[in-house]
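Let's take a short walk through one part of a protein model, starting from a single residue and moving outward. Keep the picture at hand as you read.

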Amino acid sequence: MTELLNTLYVQTPGTHLHLDGDTVRVVHPEQSGRRLLPLVRLDHLVLFSGVTITDELLLRCADDGKSVSWLTGMGRFRARAAGPTAGNPLLRQAQHRAADTSTQRLTIASAMIAGKIHNSRQVLLRAARDASGHRQTALRASAELLAQRLDLLRAAATVDEILGVEGIAARDYFAALPYLLNQKQWPVAGRNKRPPTDPVNCLLSFLYGLLRVAVHGALEQVGLDPYVGLLHGVRPGKPALALDLMEEFRPLLADRLALTLLNRREVTADDFERLPNGAYRLTDDGRKTVLAAWQESRRRSWPHAQLKREVEAGVLPLVQARLLARHLRGDQPTYRPWTVN
């Protein structure tokens with residue numbers, strides 16, 4: 001598939017982005033020269049704190065259907081700018097009806113969380129195959145717990161119950177985090193956030209932020225409303241559907257990348273800094289390393305059971321957004337999450 005989305009990430013504070021004909025001109029006052037990037041090669045711009053963009057370039061991006069997102073240095077989403085809403089308004093009407101129809105909302109929400117739990121099990125089982133002794137036993141036991149949570153999910157009768165099962169499964173999954181990592185280098189007790197208080201959780205939060213940007217953009221490109229969710233429901237100021245759809249991608253596209261970077265020491269303790277409030281964040285060099293790895297990971301191909309072919313990771317959110325849209329329009333009877341075996 002040749003539809004890999006090209007995203008420009010700019011993270012160095014003091015960098016200025018300008019429109020120069022049909023290119024983006026990247027300038028930093030302390031760096032000699034300038035860099036020109038053809039706009040036709042870009043689909044999205046992601047700017048971190050301290051990076052500025054001219055109104056002229058921002059409006060050109062809107063005219064060309066290219067979105068611009070702003071993130072904090074820790075990867076937390078701040079804002080997004082895009083041009084006119086794409087897609088057929090009848091699709092968004094169908095989405096809103098589904099959000100107000102308990103049975104359809106329940107079915108879609110259950111499928112999304114089933115995908116997340118299934119893919120979380122795969123992370124544990126793959127790690128167990130390379131482990132031995134107590135570590136292998138612990139990982140297999142955690143995977144079996146998640147299998148039980150899938151059984152529990154099938155019995156859920158309301159969206160609140162689905163969210164309850166998701167919370168239990170997430171607790172079980174992250175309890176196994178110490179067995180997924182080299183504990184001598186990366187001691188961690190489980191998942192924490194807002195703010196992350198150790199390097200492992202800092203990296204996870206940063207990657208989740210990048211994933212959220214990718215999923216949000218996919219939904220907008222298809223013409224769905226990112227703010228009307230089916231699992232999380234309508235939450236003022238929150239792109240609930242983007243948060244819904246990214247659930248099935250978290251374990252394999254974000255968690256596995258984090259584990260790889262940490263266990264292979266491609267990211268080290270020097271790539272993190274501890275803030276006065278106890279939170280951790282990536283250094284400028286650390287963000288550069290992670291962003292390069294994220295971009296490379298988006299080129300990896302994954303099997304897609306429904307399409308019966310390989311799909312590049314960078315396109316998977318767009319594929320799933322389209323499949324969700326097809327279900328909402330009535331073109332296919334169910335929504336099937338992306339899962340791997």
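Here is a look at residue S67, its strand and the sheet around it. Please remember that this is a predicted model.

**The residue**

S67 sits in strand β7, which covers residues 67–71. Is S67 buried or exposed? Its relative accessibility is 8%, and buried means under 20%, so S67 counts as buried. The side chain of S67 also makes a polar contact with the side chain of R80, at 2.9 Å. If you set aside neighbours within four places in sequence, S67 is in contact with D43, H44, L45, R80, A81 and A82.

**The strand and its partners**

Now widen the view to β7, where four of the five residues are buried, making the strand mostly covered. Strands of a sheet pair through backbone hydrogen bonds, either parallel or antiparallel. The table shows how β7 pairs.

| Partner of β7 | Residues | Direction | Bridges |
|---|---|---|---|
| β5 | 44–48 | parallel | five |
| β8 | 77–81 | antiparallel | four |

Among these bridges, L45 is matched with V68 of β7, and L71 is matched with F77 of β8.

**The sheet**

Stepping back again, four strands form an open sheet with mixed pairing, in the order β1-β5-β7-β8. β1 (7–10) and β8 stand at the edges with a single partner strand each, so one side of each has no neighbour in the sheet. On average, neighbouring strands of this sheet are turned by 15° against each other, direction ignored. Helix α7 (residues 199–222) packs on the sheet and touches β1, β5, β7 and β8. The direction of α7 makes about 25° with that of β8.

Note on methods:
Residues are numbered from 1 along each chain as its sequence is written. This is a predicted model: local features need pLDDT of at least 70, side-chain atom pairs count only at pLDDT 80 or more; totals for chains, interfaces and linings use all residues. Side-chain values use heavy atoms; hydrogens and water are left out. Helices (H or I, at least four residues) and strands (E, at least two) are DSSP runs, numbered from the N terminus. Buried means under 20% relative accessible area, exposed over 50%, partly exposed in between (1.4 Å probe, protein chains only). A polar contact is a pair of N or O atoms within 3.5 Å; within protein, one must be able to donate a hydrogen and the other to accept it, and residues adjacent in sequence count only if both atoms are side-chain atoms. Contact means heavy atoms within 4.5 Å. Two strands pair if DSSP finds at least two bridges between them. Axes are lines fitted to C-alpha atoms, for helices over the stretch in contact, and angles run from 0 to 180 degrees between N-to-C directions.
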